[in-house]
Amino acid sequence: MPLTDVTIKFLEMTSPGELRAKRSSLEGVTVTRVPQPMPELNRFFYAAVGANYSWVDRLGWSLAQWREYLQKPDIETYVLAVTGIPAGYFELEHHQSGDVEIKYFGLIGAYIGRGLGGHMLTAATEAAWATGAKRVILDTCSLDHPKAFDHYVARGFKLYDTKVVNKEIPAGGA
């Protein structure tokens with residue numbers, strides 16, 4: 001796989017009052033916490049959401065590796081659905097520092113551009129704050145949706161660091 005320069009932008013929200021909430025006007029939109037580890041579900045979303053953004057790090061994981069990761073008490077998974085149809089997901093990771101990270105976040109392609117991203121990011125941020133987070137963090141990179149960074153800033157996140165890394169990207173990826 002060829003090496004590509006990837007710019008990673010790290011964002012933070014330091015108080016719940018910084019959130020600029022956005023709700024979807026579509027009927028039947030729900031965000032639900034997955035109550036128990038479901039490795040098949042996370043593997044599905046990781047592959048489906050990440051297909052257009054070169055998410056490759058976890059593609060080779062076995063179900064046992066997914067299960068081990070998801071059984072950690074500091075990992076939570078949430079699913080956004082529209083009229084009962086799964087449309088996107090996010091994972092929250094609780095850090096010992098008190099930070100809560102929106103670790104993975106995204107919509108399945110058919111649901112992009114329908115006003116659901118802001119709704120889901122609002123729900124993710126509220127869920128993180130509801131756990132007593134000291135700070136909510138996330139990152140985005142140059143492989144993500146071209147509007148991802150602006151989307152996060154529009155909800156109230158602020159840039160606190162940037163770095164460039166070399167990453168192996170499959171042919172046709174970036």
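The following points concern the cores, strand pairing, buried residues and aromatic pairs of a predicted model.

1. **Main core.** The largest nonpolar core holds 42 residues, and the members that touch the most others are Leu80, Phe90, Leu92, Ile102, Val136, Tyr152 and Phe157. Seven residues of this core come from helix H3 (residues 116-130), which gives the most to it. A second, separate core has five residues, among them Val6, Phe10, Leu143 and Ile169.

2. **Phenylalanine 157.** This residue belongs to the group with the most contacts to other core members. With neighbours within four places in sequence left aside, phenylalanine 157 is in contact with Leu11, Glu12 and Met13, and also with Ile102, Leu121, Thr125, Val136, Leu138 and Tyr152.

3. **Pairing of strand E1.** Strand E1 (residues 3-13) is joined to strand E7 (residues 158-168) by ten bridges in the antiparallel sense. Within this pairing, aspartate 5 has asparagine 166 of E7 as its bridge partner. Strand E1 also runs antiparallel to strand E6 (residues 135-141), with six bridges between them. Here cysteine 141 in E6 stands opposite isoleucine 8.

4. **Glutamate 91.** This acidic residue deserves separate mention. Glutamate 91 is located in strand E4 (residues 85-94), and its relative accessibility is 0%, so it counts as buried. Its side chain makes a polar contact of 3.3 Å with the side chain of arginine 58. Beyond four places in sequence, the residues in contact with glutamate 91 are Asn42, Arg58, Trp66, Tyr69, Glu76, Thr77, Glu101, Ile102, Lys103 and Tyr104.

5. **Helix H2.** Trp66, Tyr69 and Leu70 are buried in helix H2 (residues 63-70). These residues lie on the same side of H2 because they cover an arc of only 90° around the axis. The elements covering the buried residues of H2 include helix H1 (39-50), strand E3 (75-82), E4 and strand E5 (99-107). Two of the buried residues, Trp66 and Tyr69, are also among the contacts of glutamate 91.

6. **Leucine 107.** Strand E5 contains leucine 107, a residue that counts as buried because its relative accessibility is 11%. Leucine 107 is separated from leucine 70 by 37 residues in sequence and by 20 Å in space, C-alpha to C-alpha. Apart from neighbours within four places in sequence, leucine 107 is in contact with Val49, Leu80, Ala87, Gly88, Ile112, Leu116, Gly117 and Met120.

7. **Tilted aromatic pair.** The structure contains twelve aromatic pairs. One of them joins tyrosine 46 and tryptophan 55, with 5.4 Å centre to centre and 40° between the planes, and is tilted. Tyrosine 46 is buried at 1% relative accessibility, and tryptophan 55 is buried with a relative accessible area of 13%.

8. **Edge-to-face aromatic pair.** The ring centres of phenylalanine 105 and tyrosine 152 are 6.1 Å apart and the planes stand at 70°, so this pair is edge-to-face. The pair links distant parts of the chain, since phenylalanine 105 is in strand E5 and tyrosine 152 in helix H4 (residues 148-154), 47 residues apart. Phenylalanine 105 counts as buried at 13% relative accessibility, as does tyrosine 152 at 7%.

9. **Aromatic cluster.** Tyr46, Trp55, Trp61, Trp66, Tyr69 and Tyr104 are linked into a cluster by ring pairs. Of these cluster members, Trp66 and Tyr69 are buried residues of H2, and Trp66, Tyr69 and Tyr104 are in contact with glutamate 91.

Definitions and conventions: Residues are numbered from 1 along each chain as its sequence is written. This is a predicted model: local features need pLDDT of at least 70, side-chain atom pairs count only at pLDDT 80 or more; totals for chains, interfaces and linings use all residues. Side-chain values use heavy atoms; hydrogens and water are left out. A nonpolar core is a set of buried Ala, Val, Leu, Ile, Met, Phe, Trp, Tyr and Cys residues joined through side-chain atoms within 4.5 Å. Buried means under 20% relative accessible area, exposed over 50%, partly exposed in between (1.4 Å probe, protein chains only). Helices (H or I, at least four residues) and strands (E, at least two) are DSSP runs, numbered from the N terminus. Contact means heavy atoms within 4.5 Å. A polar contact is a pair of N or O atoms within 3.5 Å; within protein, one must be able to donate a hydrogen and the other to accept it, and residues adjacent in sequence count only if both atoms are side-chain atoms. Two strands pair if DSSP finds at least two bridges between them. The arc is that of the directions from the helix axis to the C-beta atoms. Rings of Phe, Tyr and Trp (its six-membered ring) pair if their centres lie within 6.5 Å; planes under 30 degrees apart count as stacked, over 60 as edge-to-face and the rest as tilted.
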